[in-house]
Amino acid sequence: MKTIGLYLMKGFPKGIKTGSKYLPELMDNIDFKKVQSELIDSIREVSNYNHPIYGKHPFFGQLNTKEWRRFIWKHMDHHLKQFNV
């Protein structure tokens, strides 16, 4: 699945449910500007990170640096398209 999801599929399919542990409990209490700023900071941090990245993704399993970067790019692209950005 990892190869298909990261390299063969053009984008992530629409309608995939987000894991409940990643959803905020109360959407009404979200400070959009704060979350936006945190996201921009995270993108900058990831783009400037020059060390190996290893870890397990909940769906794709163990990913290496190249695979994590590919996943982050595809995931961000998916959400930016979702909001027509």
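Here are legends for a few close-up views of a predicted model.

**View 1. E67 and its place in helix α3.** Let's start with E67, which sits in α3, the helix covering residues 65–82. Its relative accessibility comes out at 13%, so E67 counts as buried, the cut-off being under 20%.

**View 2. Who touches E67.** If you skip the neighbours within four places in sequence, E67 is in contact with K2, L6, Y7 and Q62. With K2 there's also a polar contact: the side chains of E67 and K2 are joined at 3.4 Å.

**View 3. Y7, a contact of E67 in helix α1.** Y7 belongs to helix α1 and is in contact with E67. At 33% relative accessibility, Y7 is partly exposed, because that category runs between 20% and 50%.

**View 4. A nonpolar patch that includes Y7.** Y7 turns up again here, as one of the residues in a nonpolar surface patch. M1, I4, L8 and F59 are the other members, and together with Y7 they have about 570 Å² of accessible area.

**View 5. L23, out in a loop.** Now for the loop between α1 (2–8) and α2 (32–48), which is where you'll find L23. L23 has a relative accessible area of 48%, so it's partly exposed; exposed would need over 50%. For a sense of distance, take W73, 50 residues away from L23 along the chain: the C-alpha atoms of L23 and W73 are separated by 20 Å.

Terms used: Residues numbered from 1 in each chain as written. Predicted model: local features only at pLDDT ≥ 70, side-chain atom pairs only at ≥ 80, totals over all residues. Heavy atoms only, no water. Helix = DSSP H or I, 4+ residues; strand = E, 2+ residues; numbered from the N terminus. Buried < 20%, exposed > 50% of the residue type's maximum accessible area, 1.4 Å probe, protein only. Polar contact = N/O pair within 3.5 Å; in protein donor to acceptor, adjacent residues only side chain to side chain. Contact = heavy atoms within 4.5 Å. Patch = residues over 30% accessible without salt bridge, like charges linked within 9 Å, V, L, I, M, F, W, Y side chains within 5 Å. Areas by Shrake-Rupley, 256 points an atom, 1.4 Å probe, with all protein chains shown as cover. Salt bridge = Lys/Arg side-chain N within 4 Å of Asp/Glu carboxyl O.
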